[in-house]
Amino acid sequence: MEPFAYNHQSYFLIKNWMEQYPGLAAGITTKIGGSSTGVYEDFNMGFHVGDQLDAVCSNRSQLADLIQFPLKSWVGAEQTHDTVIRKITKNDRGKGSDSYDSAFKGTDGFYTNEEGILLTLCYADCVPLFFISPIHRMIGAAHAGWKGTVNGIARKMIEKWGEEGIPPNEIFAVIGPSICEKCYIVNDYVINFVENTLEDVEKKPYNTIKEGQYTLDLRKLNKMILLKAGIPEKNIQVTKLCSSCDQSEFFSHRRDQGKTGRMLSYIGWKETSE
Ligand SMILES: [Zn+2]
């Protein structure tokens, strides 16, 4: 079943998680409904792509209102396709929310078990990974392009949570809207890294088109990595939404030839009023 439900033109929600876990906000934005212009039309969330700062801040404030999660409680990162994952506390709130300068440097994953913090990351084709362990109130997010994927950012999140006393069978994951296998053509350089991450797998996450050219399913590869890290298959949901196929709803770095906006993934526990 598709984990993402279209609730409003500007964002998809992880509906079954939000129904099961009261107080949870989790989803990903679309490109529709904001105030960015040109190649960033309309709802660009990325500060670093050349869009007007005012437009990005206005789009972010608009989302904050829509999902009822104040901008001052967001955290964001300067993502570098690496595998650094940070534990976030309330003291970090606001970093990277309204400027790129204040974002966490060189960070591609966040997790927290505190309320009132929205973990955000930006995408245009790379794979958004969402994590939750409801018993432990732990939530997390990671940005997995091909580099982050082959370097095991998904596994690293599971290891970090292991250090917090959370076993893999108590972790659930959602693999979000990103470039599909059909749209993602790569060369031998990338496939060599992919091969190095695979051991004894029957079904490869890629297909050969011709000598030196392959279609790569990054979502499947991330799922394989999560399974290998011990997450039960029943705990993993994978979207069918493709950032490149769906031109009207998503930005795609590949399709738009590098000049485009960014979607924003988010996950957070709303503050419970006392
Ligand atoms: Zn596609």
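In which sense do strand S7 and S15 pair, and over how many bridges? Strand S7 (residues 117-123) and S15 run antiparallel, with 7 bridges between them. Here, strands (E, at least two residues) are DSSP runs, numbered from the N terminus, and two strands pair if DSSP finds at least two bridges between them. The model is a predicted one, in which local features need pLDDT of at least 70, side-chain atom pairs count only at pLDDT 80 or more, and totals for chains, interfaces and linings use all residues. Residue numbers start from 1 along each chain as its sequence is written.

A wider view helps to place this pair. Both strands belong to an open sheet of 6 strands with mixed pairing, in the order S1-S2-S3-S15-S7-S4. Strand S1 (4-8) and strand S4 (74-75) stand at the edges with a single partner strand each, so one side of each is left without a neighbour in the sheet. S1 meets strand S2 (residues 11-14) through 4 bridges in an antiparallel arrangement, and Tyr6 stands opposite Phe12 in S2.

Strand S15 (residues 263-269) deserves a closer look. On one side, strand S3 (residues 24-29) is joined to S15 by 5 bridges, again antiparallel, with Ala25 opposite Gly268. In the pairing with S7, Cys122 stands opposite Leu264. Of the 7 residues of S15, 7 are buried (20 or more other C-beta atoms within 10 Å of the residue's own, with C-beta atoms placed from the backbone), so the strand is largely enclosed by the rest of the structure. In a regular strand the side chains alternate between the two faces of the sheet. In S15, Met263, Ser265, Ile267 and Trp269 are buried on one side, and Leu264, Tyr266 and Gly268 on the other.

Methods. Buried ≥ 20, exposed ≤ 12 C-beta atoms within 10 Å, placed from the backbone.
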